[in-house]
Structures are given as C-alpha cells and as structure tokens.
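Reader: Please take a close look at one part of this model, the open sheet, and then go on to the enclosed spaces and the buried helix.

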Amino acid sequence: MEFPVVSFDVFDTLIFRRCSAESIQYGVANKLGRALGFDSSDTKRVLDERHKAYCDVAKINQNNGLDFEAHLEDINYAWVKRLTPDTPDKWSSLSKLACFLKRKYEQWSCYPNPKITDLLQYLCENNHQLIYISDMYLGQDIINDILNRAGLLCYFHNGYVSGDHSLLKNTGRLYDYVLEDLGLTPEKLLHIGDNPYADGVKAAEKGITSLVIGEQIPKIRRAQFNTFFSYAYPSWSGCEAADFVSSETHCHKLPGLQFLGRDILGPVFSAYIHGLVEFCQHTKPDAVYFISREGLLLKDLYNTLMHRLHVDLPEGNYLCSSRLAASISSMRGYGLREISSKVVSNGKVSLRRLLKVLNFSEEELLHLARSHGVQDVDKEVSVTETPSFSLLVNHPVIQERAAALGAISRREFIQYLQTTGFFETERVLLVDVGWAGQISEGIQIALEDIDSPEIFTYYLGANSKAIDRIGAGIPIYADFFNSGRFEWLGSSSQHFVFLIEIASRAAHGTITGYKNGQPVMLDEDHSERIPEIEDDTRLAQLQQGIRDFMKLYAQYAAIKGSDAKSLMSYSRCVIARLIFMPRTNELNLLSSFTNVANFGSSDKAYFSTTPPLFPPSAFLTSVSKSLWRQGAVAMALGRIASLAYTVLSAPRVCRNLPNQNNLDLPAARKQSNTSTPLPPFEHKFEKAVLDKQFRLFTLGCAQSQKVSPKPPLYIYELLLLKICFGLSNIYLRSKGMNTFTADFISFKLLLGRKIYAALPENLPFRNFAVRCTKKFMSYCK
C-alpha cells in the first residue's frame, strides 16, 4: 500500500504475442511490397529499407537531444519514401496502408496475460492508480486500442509510450518524464515489467522499485526460433501457425474434445480449406458448392479464410445432397452401380435393404422375392454368388420402378439446383471431404442429359475408387491425401475415414431427396437419425475447436502470406500421430463415437472397442471389423502395438494402391473469361442448424470435464513415427514391393526449438550456450 501508483510494461507483461514481432513486421513488409508491385522474393529487401528508415528518423530525434527512438507514422513515411523516391504523390497513402496493416496485425497477434486481470482488479479496488510505460514505436493510440480489445484498458489512468516522446525506458529518460508528468517522487512508484535492464536496472537507477518477471522468456525464444526457420523452411510455418493458434488457449482449461478439434483436426481441415482456396484462385469457378452434411462446416471455414485473405472468389454455398439422394437421382435402372452403393453402406446385406430405396410395399417385396425362390428377405445374401438375386434384380418390375423413381428424383433435383442458381454458371466446383466420389459421380450422371456447367470436385482425400472414377472422366482433385500419389502420413486418414466424416457432420438428418425445389431431410425421430443424435453434443465441441483453429489460422496466413503447403506437413504429422499411436485420453474421447450408414440401415458401429485377446483369431477378427483398427489395437495392447500393426499392414496397403499418377490441374481460367459469380445462397434452415450446434456446444461444455492441453506432437512421438515409417519400408523391400514416401516436419528443428527455448537465463556460460544453439540452427538451415 506504500505505492499509490503502479506502472506496467505492456508487451510480454500485460500483453503477449502469438508470434514474434519480426513475423508481424515481415507480414507488413510483404503486403506493402505487393502493393508496390514487388514479388514475395523482394520482401527481405523491403524490410531492410524499413530498418534503414527507422534509423534515419531515430537519428534525427537523437540529434535534437532526444533518444534514439521514433514513431510508427514517421517511420512508415520515411520507409515509403525510400521505396518509391520518384512518386511523392503516393507517399501519404502508402504510409497509411503500412500503419493500417501494422495496427491490424498487432491486434490479431496480441492477447492478454491470463494471470494479469485479477491483479489489476485487486489493485484498482485498493485505490492504486495504474499506468503503463512502454518502449515501443507504435504510439499510445495503437497500444490503447490493443489493450482495449484485450479488456485491460479500463484499469489504466494513463499510458506513456516511447514512440510518442522519443524517450526510452532503456535510457531512463522516459521514467523521468513520467515522474514529472504525474508529480511523483520515485519511491511512490512501483514498476512491473519483463526486461531485466529497461524495467529493472534503469528503473532502480531512478529510485523506482521494480519487479522483473521472466516467465515469458521460453515462449519468446520459441517464437523467435519459429520466425527464423519459417523463412528458411516453408513447411516449418505449420509449427509456427500451430503456436499462433494455441498460445492463448494453452493457458486455460477447456473440454478435451474442443482441444482435440482445435489442435489435431483444426490443422487438417485448415490445410485442406487453404488448398481449396488456392485451387479456386487457379480455376476461378463461378460457384463453389459444399456438398453432403459435412459441407455446412466446410463452407463456414472456406468463407472465414477467403474473407480474411481478401481473395476475389465466390462465396461458398451449401448444396444439400447425399449419397442416397445422388444415387436415386442418377438411376436409370437398377444395376451394379446402385447395388454396390448399398453393399458398401451396410454391414449386413439383405434383399430388404438392397431394395428399400425402391419403396416396395411389404406385399410387393415378398411376392417378388418368393417368385424367384427367396423366402427370407432379411437373410444375408451374397450379391455375386446368389443366382436367384441376380435374376430378381433383372425383373422388369424392379427396372421400371428404378427408372421411374430416378426420373422423378432427377426432375426434383434439377428444380432444386435452379433455385440455387446452379445453371446460371459456366464452371462449378463441388467440395466434400471425400473419399470415393460417389456423390460427385451421381450428380454428374443425373445432369448428363441436360445443358449444365463444367463441374470439378475438390476433396480432402481420394481413395482408390476415386482414382478409378478419375480415370473414367470424373475430375476429382485432392491434396491432403490422394491414392494416386500416395504419401504415408496423409494415408493415416484412410485408416480412419469416419473420424473426418463424422467430425464435420452437421446436426440435421441426411438428405433423402427433393420436393417442390426444396431438400427433404430425414426426420429427427427416424430410426436412422436417432443413433446420431447421441453424438451431436460432442460433435459440436469438436467442430467448435476446428472453427477456433481456422479463425486464428486465417489471421496467421494473412499476416505471413503463407500457402497451404506450409501447413500440410505439420497437419499430416499430427493426424498420423493421432490415428497410428493415439493417447489414452484420445482413445477414451473418440472410441465411443458411432457411425450410422444412413442408406436404408439404422445399424450403428462404434469407432473402436476393446477386442478380446484370446483366442488370437478372435482378436484379429475384432480388429479387422473395427472402424479404427489402430485404436482397437491400442485399447488392448497399447500405443507401440498400434504402431506395430501399422507396420505389418503396410503390404496390404501397398497392394491395394492404384497406379501412381497425378491428375493435372484444369486449365487456369482468365478472369476476363469468367461470368459474374453467383451471389450467396443460403437455405432457410442453415441458421437454425448453426444455432442448434452452438446450443449443443454450450451444453456440452457445461457437462464436460475441463482439461489442461498437451502439445499435439511431442518430439519422441515424431521420432516413433519416423521409426515406424522406416520399418514399414524395410518390410516392403523384404517383400519386393514399392516403398512409401512421407512428408515429415524436421525432427532436428523440433529438437532444436526445444533446446533453444529451455536455456535458463542464469546458466553459466549462457552466451556460449546460445551461440552453440544458433550454430545448430544455422546447420539445420
């Protein structure tokens, strides 16, 4: 209570950054350079000119008897003068652009010290006057804005920033100015900051009591390391992006599923959507439609990233579709294609399920079956080995019914597409998570008799069946995983496809067809929908985590100007770690999720259950039937066993791979050749579904146990993945088979960052240790 006034440093005391200050300034230089017509390769030169401009302005202030400091506006004006000496008419506008970018990027990157609010509240309640003192060229106006957005400005009576006065804490002269302005004696002021010299030594020299807090030093070093290597190794930007996203929330406890959605699934979906944005920039579609129930989340992620990056692309639209609706709309009879869709979608294949889509009454179904020697319509049948079934399928009644239903469904589907403006375009992009291309194929077959736009499809993952469809003329593109250019880490998604599908599922029933130009959804009380509702609350938490990651990743991508590939390596590593070697808490969170076929079946299957260990045949049978085989093995035998299973399954994976070839990107479309993009189209139910998901998320958070987050990828886990990859290739070579490739992030860099961030401040010969670490960093580079 002896200190009536308490002052705080701002950065790394009141406010933390999600990335280093150098990354932010690099982003400003990159955008300013582009505005001047420079290429990205010129950014370093643009940044060098900024450093020179700072020195020019600071030296003028120093010659006027002030400190070697400058204000942001003066720096930026001198900066653009250096960059464009022959165009003085542009200096003012370019300087304002640089100031605007700097302010915006600082706002995005800054968040409040989670431990500071209670302290500020306590000091105010006990009648202490609070001020802040900062060595920073931004100026009080921008720092006030940052503190206000962080919810901290209300606690402060005043603020003093070196850039406004050209006086520094580092010289002690800013302290003199503050004491004089407030009419204080030094012993009445307590100062708190993180810099041992500026906030400690220089304050003490003025007779001010100071507290120096160094808890942020490891994190600052980690951010500096990220900045250094994200320029040298673009793939390392994924690690920097993950740190940018997780910085603030790693200080809090949140539901485990929300963390799982953010830290592991968030990078996967964000890399996929970023790749989609780049694909759209190349192909320039007139409309982007997100199909199936996964599309509602994907559409929001796309719009978030597109708007943050300020790219000129059409808004995403949600196209109500499903495998069921696309299959019916494309029917012109009942053959192998229609049958195989049902077989894939159901565990037990019976005549009733195979013919359910044709809407026969019980009497009609029994009559048809018995006339062909089938007495039990619920008995499991083999499509390829039951002659009576083959004869039955070719019956004119079945073929006519299928053709009639297909014609009606196509007419309704086309009417629905007309309401969305689909036929007003020339080039359309359909977007889905994947995997086989059934919906895309169904839509294109349904529209093959009419004049329709050129259609492309973009997937997160494309399996061997999708590659077959590509060969048949269906243009499908996939970057995260593509069986046509196999990559080992990305292939983990194929070992657990239901995780990606169900994690992005919207909280409404599947689309069963169309009526009067509107989609028809499965009722909430339908037997196929009821099992799904049990998971909706938890899925809302997963999806909120994915949205959290994208919201901040979009800011990071805008600041850094990074591309999709820079996040892809990191994303593949974390999803492979989850699927190939899951942790106990992840097994507990994910194993109880269920999958429902939604294709004439209400049967549900859990993602993973603990298989019996004995007899071994029962263990293998249980694992083979699991939707997540590595998860089942891990539940019974542990993480190392799940890695061993991955190694042993390598030959099976390799044998099932299609020929390795790439589908060339479609010809880039010149902007002058594009028609006017469609205005956004939104269904009446979309907002209601999103509101419902938010309520489910809120309910789930209230019911969930809060946990402290853990890094999504430890160093030893990356090492185990690399060992597993190496053993898989050794095993394949021993069998004379082709080996795999993998897109790992650098193990050396991950280890180097850990060492560099952990160096203690009071370490003897610390300078020597830092030099050795920087040598190691340079070696890695």
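Author: The sheet comes first, followed by the cavities and one buried helix.

This is a predicted model, in which local features need pLDDT of at least 70, side-chain atom pairs count only at pLDDT 80 or more, and totals for chains, interfaces and linings use all residues. Residues are numbered from 1 along each chain as its sequence is written, and side-chain values use heavy atoms, with hydrogens and water left out.

The open sheet has 5 strands in the order β10-β9-β11-β12-β13, with parallel pairing. At its edges lie β10 (316-319) and β13 (476-482), each of which pairs on one side only. Between neighbouring strands of this sheet the average turn is 25°, direction ignored. Strands (E, at least two residues) and helices (H or I, at least four) are DSSP runs, numbered from the N terminus; two strands pair if DSSP finds at least two bridges between them.

Strands β9 (residues 287-291) and β11 (residues 427-432) run parallel and are joined by 4 bridges. Tyr289 stands opposite Leu430 in β11. Helix α13 (residues 295-309) packs on the sheet and touches β9, β10 and β11 (contact means heavy atoms within 4.5 Å). The direction of α13 makes about 175° with that of β10. Axes are lines fitted to C-alpha atoms, for helices over the stretch in contact, and angles run from 0 to 180 degrees between N-to-C directions.

A search of the whole structure finds 2 cavities of 30 Å³ or more. A cavity is a set of points on a 1 Å grid over the protein atoms alone where a 1.4 Å probe fits but cannot get out, and lining residues have an atom within 4 Å of a point. Grid points are joined across faces, edges and corners, and a volume is the space filled by probe spheres set on the points.

The largest cavity has a volume of about 50 Å³. Its lining includes Phe486, Trp488, His495, Phe580 and Phe740, and by class holds 6 nonpolar, 4 polar and no charged residues. Here Ala, Val, Leu, Ile, Met, Phe, Trp, Tyr, Cys and Pro count as nonpolar, Asp, Glu, Lys and Arg as charged, and the others, Gly among them, as polar.

The second largest cavity holds about 30 Å³ of space. Helix α24 (residues 530-560) gives the most to its lining, with 4 residues. Arg505 and Asp536 are among the lining residues.

Helix α11 (residues 237-249) is largely enclosed by the rest of the structure, because 11 of its 13 residues are buried (under 20% relative accessible area, 1.4 Å probe, protein chains only). Among these buried residues are Glu240, Asp243 and Phe244.

Note on methods:
1 Å grid on protein atoms, 1.4 Å probe; cavity = no way out; pocket = protein on both sides within 12 Å on 5 of 7 lines; lining within 4 Å. Buried < 20%, exposed > 50% of the residue type's maximum accessible area, 1.4 Å probe, protein only.
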